[in-house]
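Me: Please take a close look at the aromatic rings in this model, and then follow the chain outward from them. I would like one connected account, with the cut-offs spelled out as you go.

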Amino acid sequence: MSGGGTSMSFCILQARTEEQLEQVRSLMRAYVEADLVDLSSQNIEAEIAGLPGDYRPPTGALFLATDPVGRAIGCIAVHRLGQTEDAEIKRLFVMPDCRGLGIGRSLTMATVDAAREMGCRRIVLDTMPDMTSAIATYESLGFQKTDPYWNNILPVIYYAKTL
């Protein structure tokens with residue numbers, strides 16, 4: 001089934017079952033294979049294999065977007081950054097044939113809500129400068145450029161939003 005048009009419905013849910021976690025693993029592998037960003041410095045294969053890992057409640061959450069027939073079409077993760085009052089968004093990915101439908105925005109909003117529920121005061125993320133549609137989404141949701149919160153070897157832009 002292709003996206004075909006802008007009226008496709010989708011569902012956002014928290015990935016908890018093994019089947020849902022496997023769907024998220026599949027999406028994250030698709031993201032790695034798309035080779036948009038070299039994530040080898042972030043030990044991505046071990047992270048995928050170990051899901052939910054850092055994204056396990058109550059200090060994290062993993063969200064999955066599915067289409068009406070249950071096909072995994074997007075994912076995102078959020079976790080508390082150590083002992084800080086910050087949460088970090090990671091691994092936003094939407095299947096190429098489903099982009100432009102608001103799925104990334106809905107996934108991002110789910111992480112903002114989850115961070116609030118975790119008691120965080122700020123949510124942060126980093127993104128590549130060429131991810132223009134993601135940047136537009138983040139900025140439309142009130143994220144603003146901020147100082148680096150970790151030493152990423154990639155040439156990323158850092159964003160933050162006060163909760």
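**The aromatic rings and what surrounds them**

Reply: Let me start with two tyrosines: Tyr-149 and Tyr-158 are both buried (under 20% relative accessible area; exposed is over 50% and partly exposed in between, with a 1.4 Å probe and protein chains only). Please keep in mind that this is a predicted model, so local features need pLDDT of at least 70 and side-chain atom pairs 80 or more, while totals for chains, interfaces and linings use all residues. Residues are numbered from 1 along each chain as its sequence is written, and side-chain values use heavy atoms, leaving out hydrogens and water.

How many aromatic pairs does the structure hold? There are four. Rings of Phe, Tyr and Trp (its six-membered ring) pair if their centres lie within 6.5 Å, with planes under 30 degrees apart called stacked, over 60 edge-to-face and the rest tilted. One of the pairs is Tyr-31 with Phe-93, an edge-to-face arrangement with 5.5 Å from centre to centre and 70 degrees between the planes. That pair bridges distant parts of the chain, since Tyr-31 belongs to helix H1 (residues 18-33) and Phe-93 to strand E4 (residues 86-94), 62 residues apart. (Helices, H or I with at least four residues, and strands, E with at least two, are DSSP runs numbered from the N terminus.) Tyr-31 and Phe-93 are both buried. Back at our starting point, Tyr-149 and Tyr-158 are also edge-to-face, with 5.3 Å between the centres and 80 degrees between the planes.

Three further rings gather in one aromatic cluster: Tyr-138, Phe-143 and Tyr-159. Two of the cluster's members turn up again around Thr-127, a residue of strand E5 (residues 122-127). Setting aside neighbours within four places in sequence, Thr-127 is in contact (heavy atoms within 4.5 Å) with Ile-135, Tyr-138, Val-156, Ile-157 and Tyr-159. Thr-127 counts as buried because its relative accessibility is 7%.

Strands E4 and E5, met above, belong to a wider arrangement. Seven strands make up an open sheet of mixed pairing, in the order E1-E2-E3-E4-E5-E7-E6; two strands pair if DSSP finds at least two bridges between them. Strand E1 (11-14) and strand E6 (144-145) are at the edges with a single partner strand each, so one side of each has no neighbour in the sheet. E4 and E5 run parallel and are joined by three bridges. Asp-86 stands opposite Arg-122 in E5.

E4 also leads us to the charged side chains. Across the whole structure, a search finds 10 salt bridges, each a side-chain nitrogen of Lys or Arg within 4 Å of a carboxyl oxygen of Asp or Glu. One of them joins Arg-91 to Glu-47, with the closest N and O atoms 2.8 Å apart. Here too, distant parts of the chain are linked: Arg-91 sits in strand E4 and Glu-47 in helix H2 (residues 44-49), 44 residues apart. Is Arg-91 buried or exposed? At 10% relative accessibility, Arg-91 counts as buried.

Another salt bridge brings Glu-85 together with Arg-121, at 3.4 Å from N to O. Glu-85 is in the loop between strand E3 (72-80) and E4, and Arg-121 in the loop between H3 and E5, so this pair ties together parts 36 residues apart in sequence. Glu-85 is partly exposed at 41% relative accessibility, and Arg-121 is exposed at 54%. Arg-71 and Asp-67 also meet in a salt bridge, at 3.2 Å from N to O. Arg-71 is partly exposed at 26%, whereas Asp-67 is buried at 4%. Finally, Glu-18, Glu-22, Arg-25 and Arg-29 are linked in a network of salt bridges.

The loop that holds Arg-121 follows H3, a helix with several buried residues, among them Ile-103, Leu-107, Val-112 and Ala-115. Just after H3, Gly-119 adopts a positive phi of about 85 degrees.

One last check concerns the cysteines. A search of the whole structure finds zero disulfides (pairs of cysteine sulfur atoms within 2.5 Å). Why does Cys-98 not form one? Its sulfur is too far for a bond, because the closest cysteine sulfur, in Cys-75, is 12 Å away. Cys-98 is buried, at 1% relative accessible area. For Cys-120, the closest cysteine sulfur is again in Cys-75, at 20 Å, which is too far for a bond. Cys-120 is likewise buried, at 6% relative accessibility.
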